[in-house]
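Colleague: Got a minute to go through this model with me? I'd like to talk about helix packing.

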Amino acid sequence: MSGHATALPSAAPVHPTRLPYEVDNRAAYLSFGLAYVLGHGAAAASQGDTPLLGLPGWLPMTLLGFGLATGIVQATIAALRAQREATGPDLLAGRLLGAAWIVAFTALFLAVTGLTSVLDQPELQPELQSVLWAAGSGLIVGLLYLAEGAVRRNVLHYVLGVWLALTSTAALSLDARGLYWVLALAGGGAYALATVLEHRRLRPRAGSSRN
């Protein structure tokens, strides 16, 4: 036997599997959640024969549109910030997902405009447009979250997309007031919960990056 001890190979450091790129969705979730609560909540409170609040008809859609636009901007900023660390296929996937938002909402605009333009009752067009935009935007955002969650392997984002897509379309079976209440409470509540869970999801990664 040799008098020299055989040197054992040192174990290679084990690194956790890294996601393609990490997106912080908290600002976008908060903006979309406020859009749902304020926009759909204002619409629900001003609907019916005995409305809870006497609000001008343009206010709910304005609140919703402003909140959705802010959320889209926040989501775009978060995605662009995360893409600084992405390369190759991951970078291309991020850009395609970003373009999908523009395509999806353009398609929704064309669908709502086309459906209401063929209606023979002009007095019903504003209410129909409002309902279709409310439910359609929830469906579009939900489906986009499904795609983003699958690509980024973000289960929270994916589950939120499932919830938004299903509740938005299921609410179409209700009257206008019921639809807005469902979207305000179920959608806004889901975004509030997702904001908290997103903070918890990102916290371990922030701690490990400092070590």
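Modeller: Sure. Ala135, Gly138, Leu139, Val141, Gly142, Tyr145, Leu146, Glu148, Gly149 and Ala150 in H4 meet His157, Tyr158, Leu160, Gly161, Val162, Leu164, Ala165, Ser168 and Thr169 in H5, contact being heavy atoms within 4.5 Å. By class, that contact has 11 nonpolar, seven polar and one charged residues, with Gly counted as polar and Tyr as nonpolar.

Colleague: What should I know about the source?

Modeller: This is a predicted model, where local features need pLDDT of at least 70, side-chain atom pairs count only at pLDDT 80 or more, and totals for chains, interfaces and linings use all residues. Numbering runs from 1 along each chain as its sequence is written, and side-chain values use heavy atoms, leaving out hydrogens and water.

Colleague: At what angle do H4 and H5 pack?

Modeller: About 155°, with the axes 7 Å apart. That makes H4 roughly antiparallel to H5 (angles over 145 degrees count as such).

Colleague: And what comes right after H4?

Modeller: Arg153, with a positive phi near 55°. H4 itself has 28 residues and spans 39 Å from first C-alpha to last, close to the 40 Å expected at 1.5 Å a residue (1.5 Å times one less than the number of residues).

Colleague: Switching to H2: which of its residues are buried?

Modeller: Pro60, Leu64, Gly67, Leu68, Gly71, Ala75, Ala78, Ala79, Ala82 and Gln83, buried being under 20% relative accessible area with a 1.4 Å probe, protein chains only.

Colleague: Which helices do they pack against?

Modeller: H1 (26-45), H3 (89-117) and H4 (125-152).

Definitions and conventions
Buried means under 20% relative accessible area, exposed over 50%, partly exposed in between (1.4 Å probe, protein chains only). Helices (H or I, at least four residues) and strands (E, at least two) are DSSP runs, numbered from the N terminus. Axes are lines fitted to C-alpha atoms, for helices over the stretch in contact, and angles run from 0 to 180 degrees between N-to-C directions. Angles under 35 degrees count as roughly parallel, over 145 as roughly antiparallel, 65 to 115 as roughly perpendicular and the rest as oblique.
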